[in-house]
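Please open the structure in your viewer and keep the selection tool at hand, since this tour moves from one stop to the next and tells you what to select at each.

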Amino acid sequence: MLKPEKKTGEQEHNQTSKRFFCNGGGGALGHPLIWLTCGQYGTVTCPYCSKKFHFQQSE
Ligand SMILES: [Zn+2]
């Protein structure tokens with residue numbers, strides 16, 4: 001019997017670009033690919049999988 005892999009806690013994913021896509025990582029956790037754009041605070045949360053993305057500015 002397969003256990004659903006439920007991820008607890010919030011992961012932060014550092015991005016090097018302000019605009020990027022998320023598809024939930026594919027597999028069972030996947031979702032339709034959507035584009036996300038970091039706002040002025042440099043963070044955005046995927047509305048599908050609730051992953052948090054953090055944009056690291058290089059200066
Ligand atoms: Zn996502």
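Select arginine 19, which has its place in strand 2, and keep in mind throughout the tour that the model is predicted. Which residues is arginine 19 in contact with, once its neighbours within four places in sequence are left aside? They are Trp35, Leu36 and Thr37. If you then pick the C-alpha atoms of arginine 19 and leucine 36, you will find 5.8 Å between them, although these residues are 17 residues apart along the chain.

Next, go to leucine 33, in the loop that runs between strand 2 (19-22) and strand 3 (34-37). Leucine 33 has a relative accessible area of 46%, and because values from 20% to 50% count as partly exposed, that is how leucine 33 is classed. Add Phe21 and Trp35 to the selection, and you have with Leu33 a nonpolar patch on the surface, whose accessible area together is about 330 Å².

Now select the zinc ion and look for its protein donors, which are Cys22 (SG), His31 (NE2), Cys46 (SG) and Cys49 (SG), at 2.1 to 2.3 Å from the ion. Along the chain, these donors follow the spacing C-x8-H-x14-C-x2-C. Why is the arrangement of the four donor atoms tetrahedral? The angles they subtend around the zinc ion are 103 to 117 degrees, and therefore the arrangement counts as tetrahedral. For comparison, the ideal angle for four tetrahedral donors is 109.5 degrees.

Finally, select two of the donors in turn: cysteine 46 is buried, with a relative accessible area of 1%, whereas cysteine 49, at 25% relative accessibility, counts as partly exposed.

Conventions: Residues numbered from 1 in each chain as written. Predicted model: local features only at pLDDT ≥ 70, side-chain atom pairs only at ≥ 80, totals over all residues. Heavy atoms only, no water. Donors = N, O, S within 2.8 Å, 3.2 Å for Na, K, Ca; no water. Tetrahedral: all angles 85-135°; square planar, octahedral: opposite > 155°, others 65-115°. Buried < 20%, exposed > 50% of the residue type's maximum accessible area, 1.4 Å probe, protein only. Patch = residues over 30% accessible without salt bridge, like charges linked within 9 Å, V, L, I, M, F, W, Y side chains within 5 Å. Areas by Shrake-Rupley, 256 points an atom, 1.4 Å probe, with all protein chains shown as cover. Salt bridge = Lys/Arg side-chain N within 4 Å of Asp/Glu carboxyl O. Helix = DSSP H or I, 4+ residues; strand = E, 2+ residues; numbered from the N terminus. Contact = heavy atoms within 4.5 Å.
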